[in-house]
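Biologist: I would like to learn how to read a model like this one. Could you walk me through it, one feature at a time?

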Amino acid sequence: MTENKVQFNIQRIYLKDLSFESPMTPAVFTNMSSSPKVGFNFESNIENLSDDTHELTLTFNVKAEVENETLYLVESVSYTHLTLPTKA
């Protein structure tokens with residue numbers, strides 16, 4: 001029995017956008033009365049650039065809140081270029 005394996009090469013990995021906000025600094029470190037609520041969101045998308053080249057986009061957001069106030073917010077978008085040359 002033969003197996004079809006897909007081989008790929010990562011051509012580039014780069015960060016397109018990164019944002020960090022901490023609007024309650026420095027009070028957040030001294031006046032926090034309860035534990036923060038932390039939420040995560042993660043998305044991925046693949047775009048075909050040509051028959052054998054694809055772009056993978058990873059986007060994530062992290063938000064921490066306490067008593068409906070934002071402690072911090074992190075937003076990031078990164079890209080990876082993949083080339084899928086052959087099946088082995």
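Biologist: How many helices and how many strands does the protein chain have?

Modeller: A good place to begin, with one reminder: this is a predicted model. The protein chain has 0 helices and 4 strands. Read from the N terminus, the order of elements is β-β-β-β.

Biologist: What is the radius of gyration of the protein chain, and what does the globule rule give for 88 residues?

Modeller: The idea is to set the value beside what the rule gives for a chain of that length. Here the radius of gyration is 20 Å, well over the 12 Å from the globule rule for 88 residues, so the protein chain is more spread out than a compact globule. Along the principal axes, the C-alpha atoms fill a box of roughly 65 × 30 × 15 Å.

Biologist: How much of the protein chain is buried?

Modeller: Of the 88 residues, 20% are buried. The exposed surface comes to about 6,900 Å², with 52% of it supplied by carbon and sulfur atoms. As for charge, there are 6 positive and 12 negative side chains, and the centres of the two sets lie 7 Å apart.

Biologist: Where is confidence lowest, and where is it highest?

Modeller: Start from the whole chain: the mean pLDDT is 83, and 92% of the residues reach 70 or more. Confidence is lowest in strand β4 (residues 69–83), at a mean of 84. It is highest in strand β2 (residues 37–48), at 92.

Biologist: What share of the contacts with a separation of 6 or more joins residues 24 or more positions apart?

Modeller: That share is 65% in the protein chain. Arg-12 gives us a worked case. Arg-12 sits in strand β1, and its C-alpha atom is 5.6 Å from that of Thr-80, 68 residues away along the chain. Beyond its sequence neighbours up to four places away, Arg-12 touches Tyr-79, Thr-80 and His-81.

Biologist: Is Arg-12 buried or exposed?

Modeller: The cut-off for exposed is over 50% relative accessible area. Arg-12 has 52%, so it counts as exposed. Now look at one of its partners, His-81, which lies in strand β4. The cut-off for buried is under 20%, and His-81 has 19%, so it counts as buried.

Biologist: Which residues are in contact with His-81, leaving aside its neighbours within four places in sequence?

Modeller: They are Asn-9, Ile-10, Gln-11, Arg-12, Tyr-14, Leu-49, His-54 and Glu-55. Sequence distance can be read the other way too: His-81 and Leu-71 are 10 residues apart along the chain, yet their C-alpha atoms are separated by 34 Å.

Biologist: Where does Thr-59 lie, and which residues does it contact?

Modeller: Thr-59 lies in strand β3. Its contacts, apart from neighbours within four places in sequence, are Asn-41, Phe-42, Glu-43, Ser-76 and Val-77. From Thr-59 to Ser-76, 17 residues apart in sequence, the C-alpha distance is 5.7 Å. With a relative accessible area of 21%, Thr-59 is partly exposed.

Biologist: Let us turn to the backbone. What sign does phi have in most residues other than glycine, and are most peptide bonds cis or trans?

Modeller: Most residues other than glycine have a negative phi, and most peptide bonds are trans. With that in mind, the exceptions are worth a look. The peptide bond from Thr-25 to Pro-26 is cis, with omega near 0°. Pro-26 lies in the loop between β1 (9–21) and β2.

Biologist: What is the phi of Glu-67, and what is that of Asn-68?

Modeller: Glu-67 has a phi near 50°, a positive value in a residue other than glycine. Asn-68 also has a positive phi, of about 65°, although it is not a glycine. Glu-67 is found in the loop between β3 (53–66) and β4, and Asn-68 is found in the loop between β3 and β4. Glu-67 is exposed at 56% relative accessible area, and Asn-68 counts as exposed at 73%.

Biologist: Is Glu-69 buried, exposed or partly exposed, and what does it touch?

Modeller: Glu-69 is found in strand β4. Its relative accessible area is 44%, so Glu-69 is partly exposed. Not counting residues up to four places away in sequence, Glu-69 touches Met-24 and Ala-64. Between Glu-69 and Ser-34, 35 residues apart in sequence, the C-alpha distance is 12 Å.

Technical notes
Residues are numbered from 1 along each chain as its sequence is written. This is a predicted model: local features need pLDDT of at least 70, side-chain atom pairs count only at pLDDT 80 or more; totals for chains, interfaces and linings use all residues. Side-chain values use heavy atoms; hydrogens and water are left out. Helices (H or I, at least four residues) and strands (E, at least two) are DSSP runs, numbered from the N terminus. The radius of gyration is taken over C-alpha atoms; the globule rule is 2.2 Å times the number of residues to the power 0.38. Buried means under 20% relative accessible area, exposed over 50%, partly exposed in between (1.4 Å probe, protein chains only). Contact means heavy atoms within 4.5 Å. Accessible areas come from the Shrake-Rupley method with a 1.4 Å probe; for residues, only the protein chains shown count as cover. Lys and Arg count as positive and Asp and Glu as negative; His and the chain ends are not counted. The place of a charge is taken as NZ of Lys, CZ of Arg, CG of Asp or CD of Glu. pLDDT is the predictor's confidence in each residue, from 0 to 100.
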